Amino acid sequence: MGELIFQTERGELRRGDELIKITERERDLLRQFAQQPGNCVARHELVSDDSTGSERAIDVQINRLRRKIETDPSNPVYLQTVRGKGYVLYVD
C-alpha cells in the first residue's frame, strides 16, 4: 500500500518508522483484506464480524480506514468499493 506496511501478526500499521493508530475494528478489517489481497470481500462477510451487524457501520469503518491509508480518501487507490458486492484492497 504505497509507503504503508501492515504487519498482520502484530496488527500494526506503519508509515516508515511512524506507527499509525488504528482501532481494533480497523485492525480486524485490515486482517480480513490482507488474507485476500486483490479479491473482493463481500460486505456480508465484513458485517458478520461487526458487533452492530449493520452494513452502514461497515461503510463508516471503511471511510475511517481510508482516511488513514489513502492520500485522497475520496478517490481511493488501495481500498476500493466494488459496487453491490463489497470492498477490495489492492497492494503493490
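In which sense, and over how many bridges, do E5 and E6 pair? In this predicted model, E5 and E6 pair in the antiparallel sense, and four bridges join them.

**Figure 1. Confidence of the predicted model along the protein chain.** The mean pLDDT of the chain is 89, and 92% of the residues score at least 70. Among the elements, strand E5 (residues 79-82) has the highest mean pLDDT, at 95, whereas helix H2 (residues 43-47) has the lowest, at 85.

**Figure 2. The open sheet with strand order E4-E6-E5.** The three strands pair in the antiparallel sense. Strands E4 (40-42) and E5 occupy the edges and have a single partner strand each, so one side of each lacks a neighbour in the sheet. From one strand to the next, the twist averages 30°. Strand E6 (residues 86-89) is joined to E4 by three bridges, and valine 41 stands opposite tyrosine 87 in E6. On the E5 side, valine 82 has glycine 86 in E6 as its bridge partner. The hairpin of E5 and E6 has three residues between the strands, and glycine 84 in this hairpin adopts a positive phi near 80°.

**Figure 3. Helices H1 and H3 against the E4-E6-E5 sheet.** Helix H1 (residues 24-35) packs on the sheet and touches E4, E5 and E6. The direction of H1 makes about 70° with that of E6. Helix H3 (residues 55-69) lies across E5 and E6 and runs at about 150° to E5.

**Figure 4. The open sheet with strand order E1-E2-E3.** This sheet also consists of three strands with antiparallel pairing. Strand E1 (4-7) and strand E3 (18-20) form the edges; each has a single partner strand, so one side of each is left without a neighbour in the sheet. Neighbouring strands are turned against each other by 35° on average, direction ignored. Four bridges connect E1 with strand E2 (residues 12-15), and isoleucine 5 stands opposite arginine 14 in E2.

**Figure 5. The surroundings of glutamate 12 in strand E2.** Glutamate 12 has a relative accessibility of 16% and therefore counts as buried, the limit being under 20%. Its side chain makes a polar contact of 3.4 Å with that of arginine 14. With neighbours within four places in sequence left aside, glutamate 12 is in contact with Ile5, Phe6, Gln7 and Leu19. A network of salt bridges links Arg10, Glu12 and Arg14.

**Figure 6. Selected salt bridges among the seven in the structure.** Glutamate 3 and arginine 15 form a salt bridge whose closest N and O atoms are 3.1 Å apart. Because glutamate 3 lies in the segment before E1 and arginine 15 in strand E2, the pair ties together parts that are twelve residues apart in sequence. Glutamate 3 is exposed, at 56% relative accessible area, and arginine 15 is partly exposed, at 28%. In the salt bridge of glutamate 26 with lysine 68, the closest N and O atoms are 2.8 Å apart. This pair links helix H1, which holds glutamate 26, to helix H3, which holds lysine 68, the residues being 42 apart. Glutamate 26 is buried, at 2% relative accessibility, whereas lysine 68 is partly exposed, at 25% relative accessible area.

**Figure 7. The salt bridge of aspartate 59 with arginine 56.** The closest N and O atoms of this pair are 4.0 Å apart. Because aspartate 59 and arginine 56 are three residues apart in helix H3, about one helical turn separates them. Aspartate 59 is buried, with a relative accessible area of 16%, whereas arginine 56 is exposed, with 54%.

Definitions and conventions. Residues are numbered from 1 along each chain as its sequence is written. Side-chain values use heavy atoms; hydrogens and water are left out. pLDDT is the predictor's confidence in each residue, from 0 to 100. Helices (H or I, at least four residues) and strands (E, at least two) are DSSP runs, numbered from the N terminus. Two strands pair if DSSP finds at least two bridges between them. Axes are lines fitted to C-alpha atoms, for helices over the stretch in contact, and angles run from 0 to 180 degrees between N-to-C directions. Contact means heavy atoms within 4.5 Å. Buried means under 20% relative accessible area, exposed over 50%, partly exposed in between (1.4 Å probe, protein chains only). A polar contact is a pair of N or O atoms within 3.5 Å; within protein, one must be able to donate a hydrogen and the other to accept it, and residues adjacent in sequence count only if both atoms are side-chain atoms. A salt bridge is a side-chain nitrogen of Lys or Arg within 4 Å of a carboxyl oxygen of Asp or Glu.
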